[in-house]
Structure formats: C-alpha cells, structure tokens
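Reader: I have a new model open and would like to practise reading it with you. Could we go through it feature by feature?

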Amino acid sequence: MSSSRRNILIFDPERDMAELLTRAIETHLASKCYLATREEECLALLRDIPFALALLDCDAVSADDFKLLRKIRGEHPEVTLVIQSYLHQQESAQAAKQHGAVALLIKPLPIQSFRERLRAILDGTVQPCHSSGDSTVTD
C-alpha cells in the first residue's frame with residue numbers, strides 16, 4: 001500500500017453506518033474519511049476535496065436511474081467508485097457497474113474482510129467490474 005494518505009468519501013444516509021466504516025478505515029488504512037449523509041453534502045465534498053475513492057450506499061445512488069452515480073462519474077472520473085449493497089439489492093448493485101462502479105461490497109461484511117478488500121481496491125489489485133461477468137467483491 002502507498003504510504004501517502006488518501007481521502008475517502010463515505011456516502012451513506014445512515015450516519016451510524018458511515019461512522020462505523022470511518023473507524024474501520026482510518027484505524028487501519030492510511031486514509032482520511034469524509035462523511036456525507038445527503039446528496040448535497042456528497043457533491044459539495046467532491047467539489048472541495050480530491051478523493052481517491054468514494055464508498056457509496058446502493059440505495060442512495062440508485063435513485064432516479066442512478067442520476068447521482070452518473071453525475072459523480074462524469075464530473076470526477078478520477079475517483080474510484082465502490083458500491084455497498086445488501087444481498088437483496090443485487091439487481092441495483094449490478095446496474096451500478098454500468099455507471100462506473102469498479103467494485104461492489106455486500107453488506108454485512110466482517111470488518112477485517114472489509115479492510116482487506118478496500119485496501120486491494122485502493123492499491124489497484126481488484127480488477128474493475130464488468131457487467132457481463134461476475135467480478136463483484138463478495139464473501
């Protein structure tokens with residue numbers, strides 16, 4: 001892993017979940033997390049801070065035919081997009097790949113597995129998802 005500190009955006013409407021993910025990331029990865037619980041906060045942070053990765057809640061970005069996800073991809077192509085979803089959201093999560101998500105994390109995910117997978121994504125050792133194949137990051 002690179003020794004430089006990377007910025008990670010966590011967009012999850014559930015503040016408690018976002019804070020849990022922040023603790024899991026900041027205590028073990030050389031990263032600084034920024035939290036957003038609303039779309040407006042997410043977009044403002046993306047305008048103001050250079051992010052290496054955005055960890056996005058599936059429900060939050062799939063509304064209006066993935067309008068937010070498409071906007072982020074269009075305006076910030078340098079940001080690696082990772083979608084978090086529950087197993088019952090697989091259809092939406094798979095569709096997110098068509099809009100620029102490079103990896104999917106299925107919740108609930110044990111914290112150690114979450115850290116390992118996020119580290120692999122940040123380091124570029126996880127291959128991008130392709131809509132025709134099953135390259136999702138799952139247990």
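**Reading the model step by step**

Author: Gladly, and let us warm up with one residue: A63 is found in helix α3. Keep in mind that this is a predicted model.

Reader: Is A63 buried or exposed, or something in between?

Author: At 43% relative accessibility, A63 counts as partly exposed. You can also look at distances across the fold: the C-alpha atoms of A63 and S92 are separated by 9.7 Å, with their positions 29 residues apart along the chain.

Reader: Let me step back. What pattern does the chain follow along the sequence?

Author: Reading along the sequence, you get β-α-β-α-β-α-β-α-β-α. That comes to 5 helices and 5 strands.

Reader: How much of the chain counts as buried?

Author: Of the 139 residues, 49% count as buried. The accessible surface of the chain is about 7,000 Å², and 49% of that surface belongs to carbon and sulfur atoms. For contacts, consider those with a separation of 6 or more: residues 24 or more positions apart account for 67% of them.

Reader: Now a helix, please. How should I read which way its side chains point?

Author: The general idea is that an α-helix has 3.6 residues a turn, so residues three or four places apart point the same way. Now try helix α2, residues 39–48, where the buried residues are C42, L43, L45 and L46. Seen down the axis of α2, these buried residues fall within an arc of 160°, so they line one face of the helix.

Reader: Which residues are exposed on the other side of α2?

Author: There you find E40, R47 and D48 exposed.

Reader: And what do the buried residues of α2 pack against?

Author: They pack against strands β1 (6–11) and β2 (31–36) and against helix α3 (58–75).

Reader: Let us turn to strands. How do I read a pair of them?

Author: Look at which way the two strands run and at how many bridges join them. Strands β4 (residues 80–86) and β5 run parallel and are joined by 6 bridges. Within this pairing, Y86 stands opposite K107 in β5.

Reader: How many residues of β5 are buried?

Author: Strand β5 spans residues 101–107 and is mostly covered, with 6 of its 7 residues buried.

Reader: Next, charged pairs. How many salt bridges does a search of the whole structure find?

Author: The search finds 6 salt bridges. When you read one, ask how far apart the charged atoms are, where the partners sit in sequence and how covered each partner is. Take R6 and D123, whose side chains meet in a salt bridge at 3.5 Å, N to O. R6 lies in strand β1 and D123 in helix α5 (residues 111–123), so the pair ties together parts that are 117 residues apart in sequence.

Reader: How covered are the two partners, R6 and D123?

Author: R6 is buried, with a relative accessible area of 12%, whereas D123 is partly exposed at 32%.

Reader: Could you show me a salt bridge inside one helix?

Author: E19 forms one with R15, and the closest N and O atoms are 3.2 Å apart. The two residues are 4 residues apart in helix α1 (residues 15–26), which means that about one helical turn separates E19 from R15. E19 is partly exposed at 30% relative accessibility, and R15 is partly exposed at 39%.

Reader: Which residues are linked in a network of salt bridges?

Author: R38, E40 and E41 are linked that way. The side chains of R38 and E41 meet at 3.7 Å, N to O. R38 has a relative accessible area of 46% and is partly exposed, while E41 counts as partly exposed at 25%.

Reader: One last feature: a polar side chain that is covered. What can I read from N7?

Author: Start with its place, in strand β1, and its cover: at 18% relative accessibility, N7 counts as buried. Then follow the side chain of N7, which reaches the backbone oxygen of P50 at 3.0 Å.

Reader: Which residues does N7 touch, leaving out those up to four places away in sequence?

Author: N7 touches K32, Y34, I49, P50, F51, A52 and L53. Display these residues together with N7, and you can trace the surroundings for yourself.

Terms used
Residues are numbered from 1 along each chain as its sequence is written. This is a predicted model: local features need pLDDT of at least 70, side-chain atom pairs count only at pLDDT 80 or more; totals for chains, interfaces and linings use all residues. Side-chain values use heavy atoms; hydrogens and water are left out. Buried means under 20% relative accessible area, exposed over 50%, partly exposed in between (1.4 Å probe, protein chains only). The arc is that of the directions from the helix axis to the C-beta atoms. Contact means heavy atoms within 4.5 Å. A salt bridge is a side-chain nitrogen of Lys or Arg within 4 Å of a carboxyl oxygen of Asp or Glu. A polar contact is a pair of N or O atoms within 3.5 Å; within protein, one must be able to donate a hydrogen and the other to accept it, and residues adjacent in sequence count only if both atoms are side-chain atoms. Accessible areas come from the Shrake-Rupley method with a 1.4 Å probe; for residues, only the protein chains shown count as cover. Two strands pair if DSSP finds at least two bridges between them.
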